[in-house]
Amino acid sequence: MHSSSIDKMKAFKEKYLAGKRNSKLEIIDLGSTDIGGTYRGIFKEKNWRYRGVDLAPGKNVDLVLSDPYDWREIASDSVDVLVTGQTFEHIEFFWKTMSEIGRVLKPGGLCCIIAPSAGPEHRYPVDCWRFYKDGMVALANYANFDVLEAYTQPTPLGYGDGSDVWADSVLVAKKTAGKARGRNESGNPLNSKCRYVDELRRSIDTQQSTIGQLNSEIEAKKSEIEAKNAILNKQNAELASIRNSRAWRLVKRLSPIRLFARKLLPAKQNIPDAQAELTPIERQRIVDEFHKLYYYAYQSGGTWRDTYWMGVPAMKCPLDLWVYQEIISKERPDLIIESGTFNGGSALFLASVCDLVGNGEVLTIDILRRERPKHKRVTYLLGSSTSGEIVRKVEKAAKGKKSVLVILDSDHSKAHVLSELRIYSRFVTKGSYLIVEDTSVNGNPVLPEHGPGPNEAVKEFLAENDAFEVDKGKEKFFLTFNPNGYLLRK
Ligand SMILES: C[S@@+](CC[C@H](N)C(=O)[O-])C[C@H]1O[C@@H](n2cnc3c(N)ncnc32)[C@H](O)[C@@H]1O
C-alpha cells in the first residue's frame, strides 16, 4: 500500500467520519491483505469495528470470502463503511463487486474506493483495469449511489515512495435509502442507469431541437420566397400588360428614330475624369511640361511674346490676366501699383478692367522711357522701382487709398524682387494682393539657368513677413507664370 493511498483514505476519514467517532461503525476493508501497509490504523477507534476482507487468508485479513461476487459471509444492509484501496484494478468483473457493496452497505452507508488511473502492470494475480473520475462516477451510478466526491489525482504530489506513479482515482459515495433499484441475476441491487446513454439522449434531444429550429427557419424562408415570387409574378403580369398596350407599341416603333437621334447628339456620358485618374505628381508633371511648351514658344516669337491687349503687347499669360480681372472685380482697388511697364500692355489691361468696374487708377514704373498708350487711369513713373524718389511718389499716390493692389514685374533678380517686396508690401491693403510675376523662372519650372529670382525672393520674404500668405487658389487654371506668386495680405 503506497503512502499517497494511505493519505487519501485518511482524508476520507477526516472529511466524512470525523463526526462519527462515538457511533458504532461496522467497517469493511475489501482486499485488505497487508502488502506493504494497510488502512487498519486509520480506522482504529473505540466504537468502530474494522474487518479486513479478502479472497485468501493472510496478514490483515479477518474474513475470507468464498466467492468474490457473492459475499454470503456478509449480511445485506449490515455495513456502515466499506473501504477498498488498490484492489479494483485486480477484479475482473468489478461491477459485480459494486453490486455486492450496494447490497452489504446499510442505507446511508458510505464507500470509499481508491484505484489507480496509471502505473505499471502488477498482477495479484491479475491486473485488469485503470480508473478515472468518470469511471468512478459510473460505478456509483451503477449501484444507484449518490456521489459525494470523485477525482483523479491531477499532478505528481512528490511522494518519495513512488506513489505518484499510480495517480489514483477516488470515489466517495453513499447508498441512499429508499432509492428504487433493480436486481441482477444474483439477486443483488443493480442500477441500469447509464451516464453515456443519458448523455447520448441529451445530445439527441439537443440535436432534434436544433433540427426543429432549422426546419422552422426553412419554412419561414419558403414563405418569404413564395411572397417574393408572388410580387415578381405580379410585376411580370404588369410588364406583360404594358407590352401589350398601344403606348408601348408606339414607343417600340419610335425607338429606331430615338437611337438614330442619340448618335447625332454629342455623348454626354463617360467623359473620363482625367484629374481623378492622375496622382498629384503626374498632374504636376503634365502642367509643368505644358508650362515649358508654352513658355519656350516665345523663342520663335510665340505665346507671351505674341499676346496683346487692345493691340498693345502684354508679356503675360492670359490665364493670369483673367485672375487679375477676378481680383480687381472683387477687390475694386483704388490704386494698382505695377513695377515693370515695358510696352504698357499690362497697365492698359488693368486700366480697362478698372473702367469696367468703375474704380481705380494704375501707377506703373519702369526705368525705360517708351512710347506707351495713353489712358486716363494710367500714370507712368520713370525710374527704378526701388529708388527713393520713385518710392516717395508711390507713397504719395497711395496715401489715403482704401484698397491697393501691387504687381511686381520689373527686374527678376532675387535681390531686386526681395527689395521690392520689402518696400511695396506696406502699400498692400488687407484682403488685397501682392502679385509677384515670373516666379516660374529658375527651374520653377522654366529657365533653370536663370539663377535665384522671384520665387526665391518670395520664399525669403514670407519667412520674414507673416502678414502675407500664398493663395494657391489663384493657380486654379493650372498654368500660371506666377506659381506661389499670388500673396494675399491677411
Ligand atoms: C517683364 S517686363 C514688364 C512687362 C509688362 N509688365 C507686361 O506685362 O507687359 C520688365 C520691365 O521691367 C523693367 N525694369 C527693369 N528693372 C527695373 C527697375 N529696377 N525698376 C523698374 N523697372 C525695371 C524693364 O525695363 C522692363 O520693361
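The paragraphs below walk through a predicted model, taking its two sheets, the helices that pack on or beside them, and the surroundings of the ligand in turn.

The walk begins with an open sheet of mixed pairing, in which seven strands follow the order 3-2-1-4-5-7-6. The edges of this sheet are held by strand 3, residues 63-64, and strand 6, residues 145-152, and because each of them has a single partner strand, one side of each is left without a neighbour in the sheet. The partner relation at one of these edges can be followed in detail, since strand 6 pairs with strand 7, residues 168-175, in the antiparallel sense over seven bridges, and within this pairing Asp146 stands opposite Lys174 of strand 7. Strands of a sheet pair in general through backbone hydrogen bonds, and the pairing may be parallel or antiparallel.

Helix 3, residues 133-142, lies across strand 5 (105-116), strand 6 and strand 7, and its direction runs at about 165 degrees to that of strand 6. The buried residues of this helix are Met136, Ala138, Leu139, Ala140 and Tyr142. After helix 3 comes Asn144, a residue with a positive phi, near 65 degrees.

A further open sheet, again described by seven strands and mixed pairing, has the order 14-13-12-15-16-18-17. Its edge strands are strand 14 (378-382) and strand 17 (468-470), each of which pairs on one side only, and from one strand to the next the twist averages 20 degrees. At the strand 14 edge, strand 13, residues 361-366, runs parallel to strand 14 and is joined to it by five bridges, with Leu363 placed opposite Thr379 of strand 14. Helix 8 packs on this sheet, where it touches strand 12 (335-339), strand 13 and strand 14, and its direction makes about 170 degrees with that of strand 13.

Strand 13 also contains Glu361, and the surroundings of this residue can be described more closely. Leaving aside residues up to four places away in sequence, Glu361 touches Leu335, Arg377 and Thr379. Is Glu361 buried or partly exposed? Glu361 counts as partly exposed because it has 19 C-beta neighbours inside 10 Å, whereas a residue is called buried at 20 or more. Ala415 lies 54 residues from Glu361 along the chain, and their C-alpha atoms are separated by 28 Å.

Helix 8, residues 345-357, also packs against helix 7, residues 318-331, at an angle of about 35 degrees and with the two axes 10 Å apart; helix 7 passes helix 8 in a right-handed crossing. Helix 7 contributes Leu321, Tyr324, Gln325, Ile328 and Ser329 to this contact, while helix 8 contributes Phe349, Leu350, Val353, Cys354 and Val357. By class, the contact between these helices has eight nonpolar and two polar residues, and no charged ones. For an α-helix in general, there are 3.6 residues a turn, so residues three or four places apart point the same way.

The last stop is the ligand, which has 20 residues around it, and of these Gly340, Phe342, Ser346, Ser410 and Asp411 come nearest. The elements that give two or more residues to this shell are helix 8 and strand 13. Divided by class, the residues of the shell around the ligand are six nonpolar, 10 polar and four charged.

Technical notes: Residues are numbered from 1 along each chain as its sequence is written. This is a predicted model: local features need pLDDT of at least 70, side-chain atom pairs count only at pLDDT 80 or more; totals for chains, interfaces and linings use all residues. Axes are lines fitted to C-alpha atoms, for helices over the stretch in contact, and angles run from 0 to 180 degrees between N-to-C directions. Helices (H or I, at least four residues) and strands (E, at least two) are DSSP runs, numbered from the N terminus. A crossing is left-handed if the near helix is turned anticlockwise from the far one by less than a right angle, and right-handed if clockwise. Two residues are in contact if their C-beta atoms, placed from the backbone, lie within 7 Å. Ala, Val, Leu, Ile, Met, Phe, Trp, Tyr, Cys and Pro count as nonpolar, Asp, Glu, Lys and Arg as charged, and the others, Gly among them, as polar. Two strands pair if DSSP finds at least two bridges between them. A residue is near a molecule or strand if its C-beta atom, placed from the backbone, lies within 6 Å of it. A residue is buried if 20 or more other C-beta atoms lie within 10 Å of its own, exposed if 12 or fewer, and partly exposed in between; C-beta atoms are placed from the backbone.
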